[in-house]
Amino acid sequence: MSVVQQTVARHWDAMRIIFSRKGFDSAAGGGPSPIVAGRPISLPIPAGVASRTTYGDLGLGVLAARASRGKLGAGDLCHHDPMFREDGTCWFGQCGAAQTHLDRQGVGLGDVFVFFGLFREERDDGSRGDPHHRIFGYLRVEEIISLTGGAPKALTEAGHPHALALHGSNDVIWRGEGRQAERASDTLRLTMPGASPSLWLRPSWLKRGGLSYHDKPERWNKRGQLQSVARGQEFVADIGRRKAPREWLGQVIAAIKAS
């Protein structure tokens, strides 16, 4: 069965939330994405395979140069993905081991990606806040487009990097309703205040065994903290039909949509 066929066969009232790591960090780009005047601005990672979009095209040249300590600038190509559209939708490409993991976890239509990354506040006096993980956008999956037979014209014309060149034999685009945050709300912060970025104050509904790649018992403690893994892109929480995770997700989406 194809990815789409597997998805259609699922029970529509079950759901998965995917914590999807994206944007600059110490390895990709060289530093945190900035929070400027209270707005989180996720910097796309440098282009690896295909791109025709520069940081300058996105108005991010100065911010990319500052975050990368001058290694990148307006003229450098970036991997513009996820791509948030003016019509309130999002196009997100995935492939390789990360896409295989999503397949094995049964991710499909109706599931929700919450995109998070490493951020740091840029203050007016030139000082900076603490680096921390925070959610900056979401995508509610409405369509899964396999790119192995070629990319739809709209994706190619928009310059989506996964449409310009096949990134893997299982390359797909996840499409659906999606927005990025305009404010750095406390609701969207994952990192514990004063802690290293990977130490999260986890939602009360998220417990050991409920998040892929986080099975080791030492990652969870009784104080409601989670030591998130250092590497990896897609962490899946199968919430089934539970009410509490849906309420948490509703609060997250409301915070992202707030202007």
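Me: How far apart do the centres of the positive and negative side chains lie in the protein chain?
Reply: This is a predicted model, where local features need pLDDT of at least 70, side-chain atom pairs count only at pLDDT 80 or more, and totals for chains, interfaces and linings use all residues. Residues are numbered from 1 along each chain as its sequence is written, and side-chain values use heavy atoms, leaving out hydrogens and water. Lys and Arg count as positive, Asp and Glu as negative, with His and the chain ends not counted, and each charge is placed at NZ of Lys, CZ of Arg, CG of Asp or CD of Glu. There are 34 positive and 26 negative side chains, and their centres sit apart by 6 Å.

Me: Which element gives the most residues to the largest nonpolar core?
Reply: A nonpolar core joins buried Ala, Val, Leu, Ile, Met, Phe, Trp, Tyr and Cys through side-chain atoms within 4.5 Å, buried being under 20% relative accessible area with a 1.4 Å probe, protein chains only. The largest one has 27 residues, with F19 and I135 making the most contacts inside it. Elements giving two or more residues include β1 (15–21), β7 (132–146) and α6 (243–257), as DSSP runs numbered from the N terminus (helices H or I, at least four residues; strands E, at least two). The top giver, with 6 residues, is α6.

Me: Which residues of α6 (243–257) does I135 touch?
Reply: Contact means heavy atoms within 4.5 Å. Leaving aside neighbours within four places in sequence, I135 is in contact with V114, F115, F116, L188 and L190, and also with W248, V252 and I256.

Me: How much of the protein chain counts as buried?
Reply: The protein chain has 259 residues, and the buried share is 52%.

Terms used. Buried < 20%, exposed > 50% of the residue type's maximum accessible area, 1.4 Å probe, protein only.
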